[in-house]
Structures are given as structure tokens and as C-alpha cells.
Amino acid sequence: MVSYQGKNVVIIGLGVTGLSCVDYFLAQNVIPKVIDTRKSPSGMEQLDKRVACHLGELNVDWLLDADLIIVSPGIALSTPELQQAAKKGIEIIGDIELFCRELNQQNSKQIVAITGANGKTTVTTLVGEIIKSAGIKVAIGGNIGQPALSLLNQHYDVYVLELSSFQLETTQSLKATVATILNISEDHMDRYPLGLMQYVEAKQRIYHNAKYCVINHDDKLTIPTDQQKNCVSFGVNKGDYHLDFHFEHLIAQEQPVVATKIMKLAGCHNYLNALAALAIVDKLKISRESSIATIISFHGLAHRFELVLEKSGVKWINDSKATNVGSTEAALNSVVCKGKLFLLLGGDGKSADFSPLIPFFENRNLEIFCFGRDRFILAKLAPHITTVTETLSDAMQVIAQKVEPNDVVLLSPACASLDQFKNYIERGKQFAQLAEQYTQRSTK
């Protein structure tokens, strides 16, 4: 175990991840201090009584007196108080960096590191399922599931980590066996005032010290800036792993390996997710037969282009996890609609540029419903086919009166949910509940 004894450690941010950091240091007989900018953060009731806690704001005195600061991904490094600490030479890292330092002492362990604007949770989960099906002890964590530090409490052979750009900003010691950036599109521009390339720079950190890199042939921003990296590619029509012309098969090294019609996953973006997962596990030397069996049976994840209801010839698709423009583009590329498409957009756009969606609205039998904080901004994209409502519920009420057989209702908001919901999960659940409620009412 890496020793931090004698260090004055300050942890910013409580919650599940913050508590895992507290436990990590307490196991070394290091009693950290905790700061949380919230006045009633989750996890307070579980905090060890020996740990001093400052709530409601950043305690500058604590920060400037620290030897080591562990910062939550939700706190930007550009925060003035952190900038003060950095100028003083105080080390600022995240929980993923602590995890990597520990694992680097165990050379037999493998890490798969996955990031991207869209699809990373699906790919992370699928990779984990493939490895598990091969009889290998695998842990999944990072930005999903358990906090990374909690995974150290048990023995695993492979660690599959979903990593956000925020987590990568404070990580230097990651040495992934396989690392991938699945795709890049504008996201979190409120956090990256210098623009898209600042966001890309954070994502590219995942490739540092990686043995293999899996890149998106169709997205040049996913290519490592270090051209000497050992790369394998996936893409729609080109790459080491790609689709055939009619999207009927997944192709690996020029050989058809899976017929898409027998897969539970649907849509071009999900076929790309499966290709990326296959490219990753091939580098881990997982049995191809085992990999294919898992890809065929994998159902996908809730709130990600999920068909939640099909009734009276109308399909209701919950893609609430589409919290950025790129995700909504992927959904619009994948949706098949013989009738009219009712598209629900809205929420907090995080200062994103929505204009890339405009071409998807052309030459399509489409109605758009915009709700939430940025509804009026979104409505400007195609005002002639757009209805503005304050809430998702209001929009669903109108749509329920209009739908006919062969229509599709797609919630793919292109925005975060926190303006009106606890999270994207709550938003997706409300969509599914309202779909059921209104279809029951209309059939009575």
C-alpha cells in the first residue's frame, strides 16, 4: 500500500466516492479532513466521528495547510481556492489517481479504461460482462458502480473503469492495458471555457502509458496525439472492426462475426458500442466464442435508447441518458420510424451548441417538443415544427393526443436533467410512467 502517513490530507466532496477516500486513509491511520460545498451532503451519517468536516463552502485555510488534496470530479481545478493551493505547490489529485498508484504496485493486474462523450457506460458494462463470462474475476467501477478505491477490498484480475473527463484531469498514474476514447462531441462546455479542444485534451489523458489504444476510425479526435501508440480501430464502414454495407454483420479483421439481427442491442450506435467492446476484449485475449455469445445476449442499459413501451402501434423510446448533442445525434441516426417521429428535447444544455442537430430535422416526418430550462434556445432550431412546454409532463400530454400507429415517441433530450429532475434516471422513469399512463387512458 502506498503510504500517506504523516500527511495532512483534505478531501473535497463527500457522497459515496468521498467516503471511499475517507476509508482508504483511515485504513492507514491517516485521519483526513473533509470539505463539502453542500450544507447537507449525502454520506454525513456514515462519516467517522474522528473526521473533521467543513460544510457550505471551501475552507481556504484547510486547503492551504494541506499536503495533499483529494478533489471530487464535480469541483473544477480552475476554482480560485484550488488555484491558490496549486500555486503553493500542494498536490491535487482524485480518487482514480489514488487507485492507480495502488494498482501499479501489483503488476499482474490489468486495467481497461473507457471514456467518450457517448456510449461509455454501455461499453464498460458489456466489456465487464464479456470478461465475466470468460470466467475471469472482473470489477467494474469508476464513474459507474462502485468507487474505484472500494474495488481494492477484494481480489480481481481485471478492472474495467469508466472514466469521465473530470476524473482524468486529476489522474497521472493510469497505466491501462487497453484504453479507449469512443467518440468526442461537445459536452460540459460550461466546464471547459477554452472550447472543445480543452475537453479533448482531458479525454486524451486516458492514453498516457496505455499498452493498447482502441480508437474510433470515424472520429479523428479519438486518435492519440502520440502517434507511436499501438492502436486498433472501429468504425461504421472502415476500421479493423466495422459493419458491413447494410449493417447486417459485425466485421472483425475482415471476418463476419455476429449477425446484427440476432443481437438484443439495436441501432447503429449500439452496433458501434459492440464493435468497440469486441476490439477491447480481443486485446485482452478473451475467447472470441465467449465474447460473441455475450454480445448476442446483452440487452443494453436502462434509459439508453430503451424501448419502454409499444402499444397500439406506437413505440415509446427512453433515451434519457442522452445528456449531450452527440448522444441525440446517435439516437436520431438509429431510430426507425414509418410514421411520425415525436422528439422530446430539453433540460440544461450546459452551454452546448445545438446547431449540429438541425440537419437531422430536414426531410423527416417530425414534430419537436422542447421543455425545461433551455427550451426556448432549442425551439429556435426548427420553430416551424416545434412546440414549447414548460415540463416533460406537459409535452407528453400533448403528444398522447396526437400519436397514431407507426409513430415513434423519442425522449433524447440533448441536455442534462438537473434543472427539473434529480438525475437522468428520474427523467427517464417519468417518461416511461407517463407513456404507460397516457396509453392506458387513450385505450379505455
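This passage describes the nonpolar cores of a predicted model and the surroundings of one buried residue, D244.

In soluble globular proteins, nonpolar side chains tend to be buried together. In this model, the largest nonpolar core holds 51 residues. Five of its members touch the most other members: F25, I70, F99, L174 and I206. Helix α1, spanning residues 15-26, supplies the largest share of this core, with six residues. A second core is separate and comprises 41 residues. Among them are V123, L126, V236 and A279.

F25 was examined further. Neighbours within four places in sequence were set aside. The remaining contacts of F25 are Y4, V9, I11, V30, P32, L68, I70 and L98. One of these, I70, is also listed with F25 among the core residues that touch the most other members.

Attention then turned to D244. This residue sits in a loop. The loop runs between strand β12 (241-243) and strand β13 (249-252). The relative accessible area of D244 is 19%; the cut-off for buried is under 20%, so D244 counts as buried. Beyond residues up to four places away in sequence, D244 touches N237, H249 and I251.

The side chain of D244 takes part in two polar contacts described here. One reaches the backbone nitrogen of E248, at 2.6 Å. The other joins the side chain of D244 to that of H249, at 3.0 Å. E129, by contrast, lies 25 Å from D244, C-alpha to C-alpha. In sequence, D244 and E129 are 115 residues apart.

Technical notes:
Residues numbered from 1 in each chain as written. Predicted model: local features only at pLDDT ≥ 70, side-chain atom pairs only at ≥ 80, totals over all residues. Heavy atoms only, no water. Core = buried A, V, L, I, M, F, W, Y, C linked by side-chain atoms within 4.5 Å. Buried < 20%, exposed > 50% of the residue type's maximum accessible area, 1.4 Å probe, protein only. Helix = DSSP H or I, 4+ residues; strand = E, 2+ residues; numbered from the N terminus. Contact = heavy atoms within 4.5 Å. Polar contact = N/O pair within 3.5 Å; in protein donor to acceptor, adjacent residues only side chain to side chain.
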